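Student: Could you walk me through reading a protein model, feature by feature? I would like the general idea each time and then the case at hand.

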Amino acid sequence: MDGSGKNTIFQLLKNHFPDAVFTRKPGGTPEAKIIRDVLLNEEMTEKERIKTIEQVS
C-alpha cells in the first residue's frame with residue numbers, strides 16, 4: 001500500500017473535519033514500534049525477543 005495516498009487522505013480529512021478526534025493508526029505507539037522492530041530483527045534469539053517484549057508490556 002506504499003504510495004497509495006493514505007497520509008494525503010488523512011490530512012485532507014483532518015482539514016475538512018477540524019473538530020473531529022483523530023487517533024494514530026494501529027501500531028503507531030512507541031511501544032508498538034519497539035515490538036515491531038523486535039519481531040523483524042532477525043539477529044535476536046527467541047528468548048531475547050520474549051524478554052524485550054515483556055519489558056515493553
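Student: Let's start with the order of elements: what pattern does the protein chain follow along the sequence?

Tutor: Happy to. Read along the sequence, this predicted model gives α-α-α. The tally for the protein chain is three helices and zero strands.

Student: How far can I trust the coordinates, and what pLDDT does the protein chain average?

Tutor: Where pLDDT is low, predicted coordinates should not be read in detail. Here the protein chain averages 87, and 91% of the residues score at least 70.

Student: Which element has the lowest mean pLDDT, and which the highest?

Tutor: Helix α2, residues 30–40, has the lowest mean at 88, while helix α3, residues 46–56, has the highest at 92.

Student: Now the overall dimensions. What radius of gyration does the protein chain have, and what would a compact globule of 57 residues have?

Tutor: The general idea is to set the chain's value beside that of a compact globule with 57 residues, which would be near 10 Å; the protein chain has 16 Å. The C-alpha trace adds to that picture, spanning about 45 × 25 × 10 Å along its principal axes.

Student: And what percentage of the residues count as buried?

Tutor: For burial, the cut-off is under 20% relative accessible area. Of the 57 residues of the protein chain, 5% count as buried. The protein chain exposes about 5400 Å², with carbon and sulfur atoms supplying 56% of that area.

Student: Let's turn to charges. How far apart are the mean positions of the positive and negative charges?

Tutor: The protein chain has 9 positive and 9 negative charges, and their mean positions are 4 Å apart.

Student: Which residue forms a salt bridge with lysine 33?

Tutor: The general test is a side-chain nitrogen of Lys or Arg within 4 Å of a carboxyl oxygen of Asp or Glu. By this rule the count is one salt bridge: lysine 33 pairs with aspartate 37, their closest N and O atoms being 2.7 Å apart.

Student: Why are these two residues about one helical turn apart?

Tutor: Because lysine 33 and aspartate 37 lie four residues apart in helix α2. As for exposure, aspartate 37 has 37% relative accessibility, so this residue counts as partly exposed.

Student: Finally, where is phenylalanine 10 found?

Tutor: Phenylalanine 10 sits in helix α1, residues 6–16. With 29% relative accessibility, phenylalanine 10 counts as partly exposed. Phenylalanine 22 is twelve residues away from phenylalanine 10 along the chain, and their C-alpha atoms are separated by 9.1 Å.

Terms used: Residues are numbered from 1 along each chain as its sequence is written. This is a predicted model: local features need pLDDT of at least 70, side-chain atom pairs count only at pLDDT 80 or more; totals for chains, interfaces and linings use all residues. Side-chain values use heavy atoms; hydrogens and water are left out. pLDDT is the predictor's confidence in each residue, from 0 to 100. The radius of gyration is taken over C-alpha atoms; the globule rule is 2.2 Å times the number of residues to the power 0.38. Buried means under 20% relative accessible area, exposed over 50%, partly exposed in between (1.4 Å probe, protein chains only). Accessible areas come from the Shrake-Rupley method with a 1.4 Å probe; for residues, only the protein chains shown count as cover. Lys and Arg count as positive and Asp and Glu as negative; His and the chain ends are not counted. The place of a charge is taken as NZ of Lys, CZ of Arg, CG of Asp or CD of Glu.
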